[in-house]
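I am opening a notebook on a structure that is new to me, and I want to write down what I look up as I go. The entries follow the order in which I looked.

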Amino acid sequence: MADESQETSAAQTLALGQQDRVGNATPYVSYFIDRQDQLNIDDMIENRTDTDFAPVGRSEPNFGFEKSPIWLKLELKNAEASRLERILLMRTNFVSEVNVWHEQSGMVTEVLEQELASPFSTRPIDYHHLATILQLEPKTTSTVWIRYRTTGITAMPIAVETNMSFTTLSSREMARNFAFYGVMVVLIFASLLALVITRAEIFLWYLLYSGFVTFYIFHRDGYAFQLFWRDFGLWNSYASLPLAGMLTIFAAQFTRAYLGTRENMQRLDKVLLAVILFQAATIAASVPLDGEPIKQMMTVSIPISAMIFLCAGLLGLAKKGVSVLAFVLGWSGIVAASAITFIAHWIDLEVTRAATLDTMRTAMVFDAVMMGIACFTVVMEWRREREKLMQDRIAAAERNASLRSRLDLVEQRFASAQIAAENSSKLVANTTHDLRQPLFALRSSVLKMASNPKPDAGELNQVEASLAYMESLVEKNLLQAMEGTTSPVPQEARTPAQRVLDTVSTIFAEDARAAGIALHTIPSEATLGDGTAEVLRVLSNFVSNAIAYSGAKTITIAAKEGPDGLAFEVTDDGRGMDEAQVGSFSARKQRGAEAGEQNPEGKGLGLSIVAELAEKLGGKWRLETAPGKGTRASLLVPAAH
């Protein structure tokens with residue numbers, strides 16, 4: 001930045017003819033920084049102190065974040081024989097203090113005075129930037145003195161306009177600026193419409209982000225003071241800080257919603273939350289504290305935040321692919337604009353205030369369009385997912401209808417068997433007992449699957465296998481019993497023991513979950529020959545009893561191959577039983593007191609049926625239990641099976 005150490009040669013005098021205007025008067029402006037904050041206009045005019053003015057030496061007066069009052073001096077010469085009227089234009093929305101004096105023919109007139117609390121109506125010209133009127137006497141040289149102080153950047157572009165050029169300039173400026181606002185408003189209403197239609201969270205945050213972006217630029221341009229809060233100068237000097245903070249907060253929220261960081265990128269989500277909390281804390285701290293250092297900090301924190309959002313987009317691009325590309329491009333533009341603003345504020349490279357604002361507007365429009373495309377892409381993905389979900393639901397409905405139809409057929413036959421069991425053989429009674437609990441459990445599993453269009457493939461296969469078992473049991477065992485025959489039923493050559501374990505686990509999974517019991521199977525590579533149906537019935541009785549009566553937290557089903565054959569075990573960590581209870585439970589139609597209370601619909605057949613099935617298999621079964629130490633129920637199937 002320029003300082004007092006520069007060459008102190010006086011700036012040139014600006015000569016004006018009848019139609020002359022100067023869009024950039026900086027080459028004719030010299031400056032002095034009052035480090036002691038002690039000088040007034042009389043000191044300047046009478047040169048009572050050492051006030052060596054130096055040429056600005058830049059395209060516009062800009063001294064970075066300077067707290068001290070800055071004096072500018074502009075020499076004007078009316079070369080005409082008639083009075084000229086000119087408009088002194090200072091292209092800034094507001095400064096903390098600004099005074100403009102016009103010294104001419106020994107007279108000093110104050111033509112502009114503005115302070116923090118000054119309402120907009122005190123400005124000589126109703127214009128969104130600072131401007132005042134100068135009357136230039138014929139053939140006279142006059143001096144314009146400007147003293148200003150600001151809590152932000154000290155850029156003060158100066159122009160000298162005719163009334164006609166000022167009117168033309170104002171019209172062009174307004175047309176250009178409001179074209180930008182119009183584009184932004186269209187995007188805001190589009191996002192509002194999308195929010196109403198889709199109820200998608202991203203459109204809410206995009207709506208708030210783009211709204212605050214538009215309002216922030218509207219304020220920076222000076223239109224907000226001119227149109228919205230004309231009587232609140234103090235608020236106008238402070239408004240840029242909360243507006244910038246809020247647009248950053250909503251940008252972070254939009255990034256979180258768009259990338260789904262809460263679900264998929266938790267570490268990144270914490271970083272974005274930290275940005276939100278930092279900006280909120282900055283806004284809160286600016287109320288009781290000095291706003292100047294906080295504004296300076298904002299010029300650093302906002303570019304850093306934009307860089308974080310861009311990095312978040314790049315991570316999303318790596319994870320989600322080209323669907324995030326528009327989001328990345330949008331933030332790339334914002335990062336570029338933020339970098340230019342940062343350079344203008346902190347680095348000794350010349351970037352004009354107009355270039356900063358124009359770059360910001362262009363970047364914001366580009367960003368808004370890219371973010372709109374990004375949102376549209378997300379909506380299209382959601383639509384495709386909904387269509388796929390609908391197709392999955394249709395397929396699930398067809399699948400569940402088939403399963404229910406098969407299950408209904410089994411239950412119809414079971415109902416017929418129950419009626420026949422009242423006057424039929426013990427085999428029918430045993431079989432109906434073994435079918436009751438598995439059927440109820442299987443019905444629960446099928447109903448659960450009906451509500452899930454995408455069930456786990458393993459779960460679906462297990463339900464299919466369990467249903468096939470029930471169909472086989474009805475066809476081969478129940479019908480045989482109802483016809484009064486006892487001929488053996490052909491079995492598969494070898495059956496994996498794991499299939500038996502998985503089938504039993506699937507049948508009773510819902511009952512176990514409802515009872516708060518963890519049901520586990522231990523993987524097994526053993527195989528079983530004849531007697532698969534009988535083994536399934538035995539294990540079903542073991543597991544059903546453990547769920548109903550043991551009070552266990554965990555039940556484990558296992559198959560272990562040994563020298564004497566294949567041993568199936570059901571182990572629980574429940575309350576256990578004493579010898580008297582074991583004998584009572586093993587007798588046909590004999591039930592313990594606890595069993596009657598916990599399962600009043602039971603028939604007392606379970607363990608007696610187990611004994612008969614074990615005998616049929618040529619194997620052995622036993623219970624290992626003790627009060628308070630759980631129960632292990634086992635069935636040993638000889639190797640021949």
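**Entry 1: tryptophan 101**

I began with tryptophan 101, which I found in strand β6, a strand that covers residues 97-104. I noted before going further that I am reading a predicted model. Is tryptophan 101 buried or exposed? Its relative accessibility is 10%, and because buried means under 20%, tryptophan 101 counts as buried.

I then looked up what surrounds this side chain, leaving aside neighbours within four places in sequence, and my list of contacts for tryptophan 101 includes Ile41, Trp71 and the run Val108, Thr109, Glu110 and Val111. Thr143, Val144, Trp145 and Arg147 are also in contact with tryptophan 101. For one of these I checked the backbone as well: valine 144 is 43 residues from tryptophan 101 along the chain, yet their C-alpha atoms are separated by 5.8 Å.

**Entry 2: threonine 132**

My next stop was threonine 132, which belongs to strand β8, residues 130-136. I recorded a relative accessibility of 1% for threonine 132, so this residue counts as buried. What does the side chain of threonine 132 have 2.7 Å from one of its polar atoms? I found the backbone oxygen of valine 111 there.

Not counting residues up to four places away in sequence, threonine 132 touches Arg86, Ile87 and Leu88, and I also wrote down Val100, Val111, Leu112, Pro124 and Ile125. Val111 appears in my contact lists for both tryptophan 101 and threonine 132.

**Entry 3: the sheet that holds β8**

I followed β8 into its sheet, an open one of 3 strands in the order β8-β5-β10, with antiparallel pairing. β8 and β10 (158-161) are the edge strands, each pairing on one side only, and I noted an average twist of 25° from one strand to the next.

How many bridges join β5 to β10? I found 4 between β5, residues 84-90, and its antiparallel partner β10, and I saw that leucine 89 stands opposite alanine 159 in β10. Helix α2, residues 163-198, lies across β5 and β10 and runs at about 35° to β5.

**Entry 4: a mixed sheet further along**

I turned next to an open sheet of 5 strands, ordered β12-β14-β15-β17-β16, in which the pairing is mixed. Why do β12 and β16 each have a side without a neighbour in the sheet? β12 (518-521) and β16 (620-625) stand at the edges with a single partner strand each, so one side of each is left open in this way. The twist here averages 15° from one strand to the next.

I looked more closely at β16, which 6 bridges join to the antiparallel strand β17, residues 631-638. Leucine 623 has alanine 633 in β17 as its bridge partner.

**Entry 5: helices α14 and α15**

Helix α14, residues 497-514, lies across β12, β14 (554-562) and β15 (565-572), and I noted that α14 runs at about 175° to β12. Helix α15, residues 532-549, packs against α14 at an angle of about 30°, with the two axes 10 Å apart. Angles under 35 degrees count as roughly parallel, and α14 and α15 are therefore roughly parallel to each other. I recorded their crossing as right-handed.

Which residues meet where these helices pack? From α14 I listed Val500, Leu501, Thr503, Val504, Phe508, Asp511 and Ala512, and these meet a set in α15 that includes Val535, Leu536, Leu539, Val543 and Ile547.

How values were computed. Residues are numbered from 1 along each chain as its sequence is written. This is a predicted model: local features need pLDDT of at least 70, side-chain atom pairs count only at pLDDT 80 or more; totals for chains, interfaces and linings use all residues. Side-chain values use heavy atoms; hydrogens and water are left out. Helices (H or I, at least four residues) and strands (E, at least two) are DSSP runs, numbered from the N terminus. Buried means under 20% relative accessible area, exposed over 50%, partly exposed in between (1.4 Å probe, protein chains only). A polar contact is a pair of N or O atoms within 3.5 Å; within protein, one must be able to donate a hydrogen and the other to accept it, and residues adjacent in sequence count only if both atoms are side-chain atoms. Contact means heavy atoms within 4.5 Å. Two strands pair if DSSP finds at least two bridges between them. Axes are lines fitted to C-alpha atoms, for helices over the stretch in contact, and angles run from 0 to 180 degrees between N-to-C directions. Angles under 35 degrees count as roughly parallel, over 145 as roughly antiparallel, 65 to 115 as roughly perpendicular and the rest as oblique. A crossing is left-handed if the near helix is turned anticlockwise from the far one by less than a right angle, and right-handed if clockwise.
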